[in-house]
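Student: I would like a close look at a single part of this model, the open space that a ligand-minded reader would inspect before anything else. Please describe its lining with care, and then go on to the enclosed spaces and the helix packing.

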Amino acid sequence: MQATKNIPFFSFDATTELIRAEIKQVFDDFLESQWYILGDKLTQFESAYAAFNSTAHCIGVANGLDALHIALKTLNIGPGDEVIVPTNTFIATWLAVSYAGATIVPVEPDKATYNIDPNKIEAAITGKTKAIIPVHLYGQPCEMDKIMAIAIKHNLAVIEDNAQAHAATYNGQLTGSFGDINATSFYPTKNFGALGDGGALTTNNAELDKNARLLRNYGSSEKYHHEIVGLNSRLDEVQAAFLTIKLKYLAQWTAERQRIARVYSEQLTDINGLVLPVTATGASHVYHLYVIRTTRRDDLRAFLKNKGIATAIHYPIPAHLQKAYGGLGYKQGDYPIAEELAATSLSLPMNPGMAIEDVQCICSTVRSFYE
Ligand SMILES: *Cc1c(COP(=O)(O)O)cnc(C)c1O
């Protein structure tokens, strides 16, 4: 079976249909209530998300990058401090450290899971290291038992970047609940997304919660009284209300992603030269992305495109080779694992509500490329 219609890389169609009536209703309510920033809808969502994520506190902010930046600021991390980040991540993880004014210390991923390799973290720790930011990339939790043990041993903070792993667990515990304070994004295409920009911090620490609330709102808890130099980074009421509606569906959408991934993994098995995602022991993968690898990546991608199947690359250029970080002086070859992943990774279509026939069609088309 070859593709006979266009299969997009991502589509909101199925999820939009489910929530359409409720979204319209809350939007109408807003036109009456006329309360848009820092109100009941945000408080309700923060309670709901904290409960969902099994953390005492949730602080809604404007986006995932701000959440990471604010997390670093709550921990007083700044110039002169070093922060360990993965080489294999979306650039926001690095940018947050840059915004905090701290020093980026990159660590290579495990070649099987693509997440930061816990066995390489200790070699990167110096007297200046203050924190580790594990990123649960593509929806797979990092090996949090090892990472937390290293952090405790060296007295380091942990900030999870949970932007791609809402509802994932490691040894039964939800990601976003391990670190001192954790960041997530509600960018529309994330596993749990708003209808616009959004993000949040989660923590069990009341002091960090208080600090984050000040930081997101001009350093102020009382209007025109500014205790610290803050930012303006608030999750607005409309997005908070939309997210409260969507949260009810997250378990269902996660299960659909996992089902789609299962079909991919069953039908793409045993193709010589094709590497399928591996789930680490103790991890539940929520498949923000289904990423395969092949040295023939660009040819396979063009072949699929020609058959009407859209794919994507996450990420084509590792952060250390981005123009934005030219000033750090890295060169090709400095982080060979991240570079190899950038050259060989291909993300196949993945979204809740996707027809299983489409998944099967993609699999048989990939197979035909190898025949
Ligand atoms: C999306 C993403 C972010 C940033 O989130 P925004 O809401 O787009 O600012 C941070 N880290 C990772 C791993 C992401 O995928």
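Tutor: Among the elements of this predicted model, helices α3 (64-74) and α4 (92-100) and strand β8 (181-185) each supply at least two residues of the lining of the largest pocket. That lining comprises 27 residues in total, and those that lie nearest the centre of the pocket are F90, S185, Y187, T189 and K190. Sorted by class, the residues around the largest pocket are 13 nonpolar, 11 polar and three charged, and the volume they border is about 480 Å³.

Rolling a probe the size of a water molecule over the atoms shows where empty space is left. Besides the open pocket, the count of cavities of 30 Å³ or more comes to three, and the largest cavity has a volume of about 100 Å³. Its lining is made of 14 residues, with T15, P188, K190, N191 and K246 nearest the centre; K190 is thus named for this cavity and also for the centre of the largest pocket. By class, six nonpolar, five polar and three charged residues line the largest cavity.

The helix packing can be taken up next, beginning with the pair formed by α2 and α7. The axes of α2 (residues 40-52) and α7 come within 8 Å and cross at roughly 35 degrees, in a left-handed crossing. On the α2 side the contact is made by D40, K41, L42, F45, A48, Y49 and F52, which meet E237, A240, A241, L243, T244 and L247 of α7. The class count for this contact of α2 with α7 is nine nonpolar, one polar and three charged residues.

Helix α11 takes part in two further packings, which may be read side by side. With α8 (residues 250-267), α11 packs at an angle of about 25 degrees, the axes being 10 Å apart, and because angles under 35 degrees count as roughly parallel, α8 is roughly parallel to α11. The crossing of α8 past α11 is right-handed, and R259, I260, V263, Y264 and Q267 of α8 make the contact with I356, V359, Q360, I362, C363 and R367 of α11. By class, this contact of α8 with α11 has seven nonpolar, two polar and two charged residues.

The other partner is α9 (residues 297-306), which packs against α11 (residues 356-370) at an angle of about 125 degrees, with the axes again 10 Å apart, and that angle makes α9 oblique to α11. Here too the crossing is right-handed, while the residues that meet are D299, L300, F303 and L304 in α9 and T365, V366, S368, F369 and Y370 in α11. The contact of α9 with α11 holds six nonpolar, two polar and one charged residues by class.

Two backbone details in loops complete the account. H314 and Y315 are joined by a cis peptide bond, with omega at about 5 degrees, and Y315 is found in the loop between α9 and α10 (336-344). Y224, although it is not a glycine, has a positive phi of about 70 degrees, and Y224 is found in the loop between α6 (206-216) and α7 (237-247).

Conventions:
Residues are numbered from 1 along each chain as its sequence is written. This is a predicted model: local features need pLDDT of at least 70, side-chain atom pairs count only at pLDDT 80 or more; totals for chains, interfaces and linings use all residues. Side-chain values use heavy atoms; hydrogens and water are left out. Axes are lines fitted to C-alpha atoms, for helices over the stretch in contact, and angles run from 0 to 180 degrees between N-to-C directions. Helices (H or I, at least four residues) and strands (E, at least two) are DSSP runs, numbered from the N terminus. Angles under 35 degrees count as roughly parallel, over 145 as roughly antiparallel, 65 to 115 as roughly perpendicular and the rest as oblique. A crossing is left-handed if the near helix is turned anticlockwise from the far one by less than a right angle, and right-handed if clockwise. Contact means heavy atoms within 4.5 Å. Ala, Val, Leu, Ile, Met, Phe, Trp, Tyr, Cys and Pro count as nonpolar, Asp, Glu, Lys and Arg as charged, and the others, Gly among them, as polar. On a 1 Å grid over the protein atoms alone, a cavity is a set of points where a 1.4 Å probe fits but cannot get out, and a pocket is an open set with protein on both sides within 12 Å along at least five of seven lines; lining residues have an atom within 4 Å of a point. Grid points are joined across faces, edges and corners, and a volume is the space filled by probe spheres set on the points.
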